[in-house]
Amino acid sequence: MKRGVSSVTSPFCFKNLLKSAGTFDKILPVLNNYFFTKQMPPMCSADWEELMKITRFGRSKRIAVAMMAVIMLMSVMLQGCASKSGSAAENESDTIRWINASYAILTELNGWDYTMFPGVKTTELNKQIQIASLEQWWDVTDRRSADETLNWALSEGHRTGFVEDAIYLEEMGFGEIPADERIAWELENFDIDEDDAWFFAQTYGFYEEYGEHAIDGWDYCRALNLLSFYYIAGYYTKEEALDKSLEIARTVQPMFDSWDDLVDSYLRGYEYWAEESSDERREVYEDLKSRSDNPYAVDYHTTLEKNW
């Protein structure tokens, strides 16, 4: 069952928290994953007055957004969880379900709805929060920077750096060292710690086994995910986001044999990017496949066509 919240029955005031509003911007990246699908709780008049003051006197819009995030997060903690009711999957075409599935792992981790595009309701609040999130994580602030970032993901992404790193390791003679001895060899010959040694050994291991396209799935799935963010933020219309998603999906689909194949590539890319294990995301993937609303139930080889 997906997590959700029940409706709020009484307002609460957080006016005193605004005294430390300057620190809210620092926790926005942590908070913004929690509330996109949560209902806005009733606020007392003082809350609205303070939010209006912030706007009126030109203080950071992101602080105002962060404060609303605090309200939502507090409402989640105060209310507990409720079961998800119904599913939007039956209302989406197989093509949109395919697009949604390509980044369903992150959608689930964010607490959003992987059965609908773009995963959350396109409200003004969600728009402002997504604008702040895109600026924080992607340096995207408008349509131009959105296009530049998407083009980077499609033309270069992290796969370019991955190949460069792997070739450098190969030139160092990494391939001549037995796989189970590489970390020890690195620690003996270079001034690095065990985490770095693991990362380099992992990177070369992926390259050695899967070649230069080992993490392509990571970049393409993220590009598809970005388009859903762009729609929420208002940088793309829904049709523009889906049209571009269809174009990318048609490129990606023949590159892999199945959902497992695509997700394996995505998870390898995550490990390269995050420099940590992808076990948590692997568990999410396996859990999603076991659900009644399994996003991967749509045939990987389904015909992708425009039907919106």
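## Exercises on helix 14 and its surroundings

The side chains of Asp260 and Lys289 meet in a salt bridge, with 3.2 Å from N to O, in what is a predicted model.

**Exercise 1.** Determine which helices hold Asp260 and Lys289, and what their pairing ties together.

*Solution.* Begin with the positions: Asp260 belongs to helix 13 and Lys289 to helix 14, so the salt bridge ties together parts that are 29 residues apart in sequence. Next, consider the exposure of each partner, where a relative accessible area between 20% and 50% counts as partly exposed. Asp260, at 38%, is therefore partly exposed, and Lys289, at 29%, is likewise partly exposed. Finally, look for a further partner of Lys289: Glu286 also forms a salt bridge with Lys289, the closest N and O atoms being 3.5 Å apart. Glu286 and Lys289 both lie in helix 14, 3 residues apart, which is about one turn of the helix, and Glu286 is partly exposed with a relative accessible area of 39%.

**Exercise 2.** Classify Asp287 and Arg291 by exposure, and state which network they belong to.

*Solution.* The two residues form a salt bridge whose closest N and O atoms are 2.5 Å apart. Asp287 has a relative accessible area of 33% and is therefore partly exposed, whereas Arg291, at 16%, falls under the 20% limit and so is buried. Salt bridges with shared partners then join Asp287 and Arg291 with Glu108 into one network. In the whole model, the count of salt bridges comes to 14.

**Exercise 3.** Describe the surroundings of Val284, leaving aside its neighbours within four places in sequence.

*Solution.* Val284 is placed in helix 14, and its relative accessible area of 13% means that the residue is buried. Beyond the excluded neighbours, Val284 is in contact with Ile105, Glu108 and Leu109. For Leu109, the separation from Val284 is 175 residues in sequence but 7.9 Å in space, taken from C-alpha to C-alpha. To set this in the context of the chain, residues 24 or more positions apart account for 79% of the contacts with a separation of 6 or more, and buried residues make up 49% of the 308 residues.

**Exercise 4.** Locate Glu275 and name the residues with which it forms a patch of negative charge.

*Solution.* Glu275 is found in the loop between helix 13 (259–274) and helix 14 (279–289), and is partly exposed with a relative accessible area of 44%. On the surface, Glu275 gathers with Asp193, Glu194 and Asp195 in a patch of negative charge.

How values were computed:
Residues numbered from 1 in each chain as written. Predicted model: local features only at pLDDT ≥ 70, side-chain atom pairs only at ≥ 80, totals over all residues. Heavy atoms only, no water. Patch = residues over 30% accessible without salt bridge, like charges linked within 9 Å, V, L, I, M, F, W, Y side chains within 5 Å. Areas by Shrake-Rupley, 256 points an atom, 1.4 Å probe, with all protein chains shown as cover. Salt bridge = Lys/Arg side-chain N within 4 Å of Asp/Glu carboxyl O. Lys, Arg positive; Asp, Glu negative; His and termini not counted. Charge placed at Lys NZ, Arg CZ, Asp CG, Glu CD. Helix = DSSP H or I, 4+ residues; strand = E, 2+ residues; numbered from the N terminus. Buried < 20%, exposed > 50% of the residue type's maximum accessible area, 1.4 Å probe, protein only. Contact = heavy atoms within 4.5 Å.
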